[in-house]
Amino acid sequence: MMTGSISPEVLERHGLTREEYGRIVSALKREPTLTELGIFSVMWSEHCSYKSSRVHLKTLPTTGPRVLQGPGENAGAVDIGDGLAAVFKIESHNHPSFIEPYQGAATGVGGIIRDIFTMGARPIALLNSLRFGPLDDPLVRRTFAGVVAGIAGYGNSIGIPTVGGEVAFDETYAGNPLVNVFCLGIASHDEIIKGIASGVGNPVYYVGAKTGRDGIHGATMASAEFDDKSAEKRPAVQVGDPFMEKLLLEACLEVMKTDALVGIQDMGAAGLTCSTCEMGSRGGAGVDIDVSLVPQRETGMTPYEIMLSESQERMLMVVKRGREAEVERIFEKWDLHAVRVGEVTTDGKLRVRNHGEVVAEIPNTALTDDAPVYRRPMAEPAYIKEAQQLSLDSLGKPATAAEVFRRLLASPTIASKRWVYRQYDHMVRTNTVVLPGMGAGVVRIKGSRRALAMSVDGNGRFVYLDPYLGAQLAVAEAARNVACAGAVPIGGTNCLNFGNPERPEIMWQFARAVEGIGAACRALDIPITGGNVSLYNETDGRGVLPTPVLGVVGVIDDAERVVRRAFRNVGDAIVLLGETHAELGGSEYLKVMYQLVRGTPPALDLQREGALHRILIEAAASGLIKSAQDCSEGGLGIALAECCIGTGFGLEAEVPAAAAPTAFVDHATLFSESASRAIVSVAPEHEAALLSLAERVGVPAQRIGAVRGDRVRIAIEGRTVVDEPLAAIERTWGTAIERYLEPAKAIA
Amino acid sequence: MKFAVVVFPGSNCDHDAHYAAEQVLGQQAEYIWHKETSLKGADVVILPGGFAHGDYLRTGAIARFSPVMEEVRRFASAGGPVLGICNGFQVLLEAGLLPGAMLRNRSLKYQCEHVIVKVEQTDTPFTNACRPGQLLRIPIAHGEGNYYAEPDMVAQLERRRQIVFRYTSAEGTATDASNPNGSVANIAGLCNEQRNVVGLMPHPERACELALGSADGLIMFESAVRFVADGARRDYSGTAAAR
């Protein structure tokens, strides 16, 4: 089988197995050329082919009355009323961000933005979900600061606001940060454009930045583990040019208004290769291009290099024959040059020429639909049964609740992310009605009364301890955050960050997590319209916590009814929706106080979760509640404090005790991360109406206190267990991250 | 009356300024592409925020060569009201229509947040509806907003009352703590000697509706409307006959 010029070493460098090579030979009915081998290697990489994950992803719910575009396109789309669609997707840029934090993160932002405007939508909001190691590690601080600066550098320049997100810290991410970026755009239903090539003889255009040698084999790199040689892969990370992308964005949206386009796709991972064969495959057509026509930044580039380059800010378009001049004129206005590089053919093949001579000829479907699909072996990891055991009594004498409260407020995962979001332009486009740091991001839709709420959430510890339940909790939390703003969750996207799928225990985590996402999305009626899988998140054989991140989008019919986290008036009643159980498994409490990741994650009743969302949505629409806040990391104690931050108001609360061993009652009550809870505030005259609404829907609810004074005072069974001045809370919570990054300033 | 919003490649607050003028204020507004050579009969010109030409050189350094700037210059020298917001302010500095220069923020980071600015001068086209000393809560969003001028120049700006906005505390005092970027003398915005060209780093167009957290910026647009209405509609183009 291994004949010709393709040696085992060459195969290994391309990340292809002998079996895969055999499939290539039978698809082509001959030996591939080196260019063809390169094309196969990137299209069959995990990153592009989803070969390990596809069988599992197929089980996710992807349809619904609002779904206009499900998975398989550049991004998903859901109907938001008024003839408009929300087009959104989340994508990872983990591997590049570790190797080169600024550019890795920046180009991640650039890539997801292209996916959105490629669909004909104007991008209006960005979110990101980030994971790093502990901030006391200088290398982590460098990565963290670099990633944040990279996201800021790209998003700010292009003028798309970063309106929210999440940042969490754990040792397992120290050598492999997670950088997941979400983008949402708005399009009219009839403006949605697809990545399709059709119409024999229609010209294929290349537009945007010139092609260089950067990023060759980026997709292959993203499909391998890290080791101490990773730094040598730096040339495989691309450099972003947000100005070029801004021009492309405006020019493409202008061209799309003309109806002269058949289809368009960005050149992201696997560059020209991926865009040509995917567009051809979707349209059932062939694409014939000549790489010598591709604008090049460097001299002497081979067809192999041109096809595999991942230079940023490039698009491929199929234009209706006869409309070329119109399209070219618009790009010229923006000082961009649309170059005709080929045309659509009937034979279903990707044909690559160099000065006319054919250098690769491959059936498009061999690269896309017929790429290998693996049902990889799975096995429940040995650690799970042991890790799920948690005996609070064995932890010894606990600290006081007040001490834990202060420690948790200062935990970077819980503390204010102002240091981060202050670097992001979160207000450009003048739609941001809820500023970052307040739960879901909310943007109004100009030209309509509506607003969209969006949240990205995940909890790697929960998924580590129980992938099925942990993934469900991620869906529930993202949807709950959206519902807290008063929005009906209408669609989701996921970014699945896991380790090496060739290890059966990782594959098991992955499969169970996908099952959990599917079950939760079905129960909460949230179709998944697309997303991204990032595997091989390992360094030196050590995997990150399995971290599925869910992005959920919700719609609010009246933007003026958006509900925020912060309390609004002294004297308002504080009501806890849902119940607190003694559920410290996988909590931030155990991690911060005992450096433990143990126990089982909080139980989740999806029916009750859905009922909670209905109350929040109904109470927001009717103006019944004044504020709403999800209870998650840090539990009830932290959530109560967060409702006061920035308001100048304190609170007095008496919270019902959770059933836990005596020494841990206070901790279980305040810091358990029980699901399906929210804290709302309500004018005293509306308290009864809220409680009866909760009863009708079947969610436990009770008044636990009132907005009052300038201290956070929480009692359990008549004992005051937390009594802190708001100013001290704000200082601790507000400066925790700055203290690591700018110690001199934070002290001053 | 009509606002012209100049669009440089890389402008990204052009839509916001247009929306504030047209949708919030109810006035006419028109985009003017940077390659155009006419302001199309506009009464007020806005150079919006963003990253003109990517700002890979100095901010605003390339935008000043755009063809439309010749017309903006002519409009300004004829007394027409010109407002530069953020990157637009940086362009006005580079174009020499306002004195001084921008350095990177002293934090060396991009900063996006609400700040308080005090209106120090009310005899400009963009502050005439303000009370003297009025405090406005308006967002900033920039990486290079650390205004610098030589001490002699700052003294001259003070003497000629060209400092229109200063960063202050909530009580209206220009303290170091209330200075978000290190600008000399807490300068947030200034005008030219003729007082018709105004530039500022904060974004009034982002603070025109309570739904966005503040409507304090609207008064600057209202001032412009009043200025034009009071001024009996002068023709600032200097090329009226040609049109």
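These legends accompany several close-up views of a predicted model.

**View 1. Chain A as a whole.**
Let's start with the full chain before zooming in. Chain A contains 27 helices and 28 strands. Its C-alpha atoms occupy a box of roughly 85 × 55 × 50 Å along the principal axes. The radius of gyration of chain A is 26 Å, which agrees with the value near 27 Å for a compact globule of 748 residues. Of these 748 residues, 63% are buried. Looking at contacts between residues at least 6 apart in sequence, 84% link residues at least 24 apart.

**View 2. A six-stranded open sheet in chain A.**
Follow the strands of chain A in the order β14-β15-β16-β21-β17-β18 to cross this mixed sheet. At the edges are β14 (432-434) and β18 (528-534) of chain A; each has a single partner strand, so one side of each is left without a neighbour in the sheet. On average, neighbouring strands here are turned by 25 degrees against each other, direction ignored. At one edge, β14(A) runs antiparallel to β15 (residues 441-444) of chain A, and two bridges join them. For a residue pair to look for, find Val434(A), which faces Val442(A) in β15(A).

**View 3. Helices on the six-stranded sheet.**
Helix α19 (residues 467-484) of chain A packs on this sheet and touches β16 (451-457), β17 (488-497) and β21 (547-556) of chain A. The direction of α19(A) makes about 25 degrees with that of β21(A). Helix α20 (residues 504-524) of chain A lies across β17, β18 and β21 of chain A, and runs at about 175 degrees to β17(A).

**View 4. A seven-stranded open sheet in chain A.**
Here the strand order in chain A is β23-β25-β22-β26-β24-β27-β28, again with mixed pairing. The edge strands, β23 (625-630) and β28 (719-725) of chain A, each pair on one side only. From one strand to the next, the twist averages 20 degrees. Within the sheet, β22 (residues 573-577) and β26 (residues 701-707) of chain A are antiparallel partners over five bridges. One bridge pair is Val575(A) with Arg703(A) in β26(A).

**View 5. Helices across the seven-stranded sheet.**
You will recognise α19(A) from View 3: α19(A) also packs on the six-stranded sheet, and in this view α19(A) lies across β23 and β25 (678-682) of chain A, at about 165 degrees to β23(A). Helix α25 (residues 687-697) of chain A lies across β22, β23, β25 and β26 of chain A, and runs at about 5 degrees to β22(A).

**View 6. A hairpin and a covered helix in chain A.**
Strands β12 (residues 349-354) and β13 (residues 357-363) of chain A pair in the antiparallel sense over six bridges, with Val352(A) opposite Ala360(A) in β13(A). Two residues lie between the strands of this hairpin, where His355(A) adopts a positive phi near 50 degrees. Elsewhere in the chain, helix α10 (residues 242-256) of chain A spans 20 Å from its first C-alpha to its last, close to the 21 Å expected. Of the 15 residues of α10(A), 13 are buried.

**View 7. Where chains A and B touch.**
This contact involves 26 residues of chain A and 24 residues of chain B. On the chain B side, α1 (14-24), β6 (111-119) and β7 (135-142) each supply at least two residues. By class, that side of chain B has eleven nonpolar, eight polar and five charged residues.

Definitions and conventions: Residues are numbered from 1 along each chain as its sequence is written. Chains are lettered from A and ligands numbered from 1 in the order in which they are written. This is a predicted model: local features need pLDDT of at least 70, side-chain atom pairs count only at pLDDT 80 or more; totals for chains, interfaces and linings use all residues. Two strands pair if DSSP finds at least two bridges between them. Helices (H or I, at least four residues) and strands (E, at least two) are DSSP runs, numbered from the N terminus. Axes are lines fitted to C-alpha atoms, for helices over the stretch in contact, and angles run from 0 to 180 degrees between N-to-C directions. Two residues are in contact if their C-beta atoms, placed from the backbone, lie within 7 Å. The radius of gyration is taken over C-alpha atoms; the globule rule is 2.2 Å times the number of residues to the power 0.38. A residue is buried if 20 or more other C-beta atoms lie within 10 Å of its own, exposed if 12 or fewer, and partly exposed in between; C-beta atoms are placed from the backbone. Ala, Val, Leu, Ile, Met, Phe, Trp, Tyr, Cys and Pro count as nonpolar, Asp, Glu, Lys and Arg as charged, and the others, Gly among them, as polar. The expected span of a helix is 1.5 Å times one less than its number of residues.
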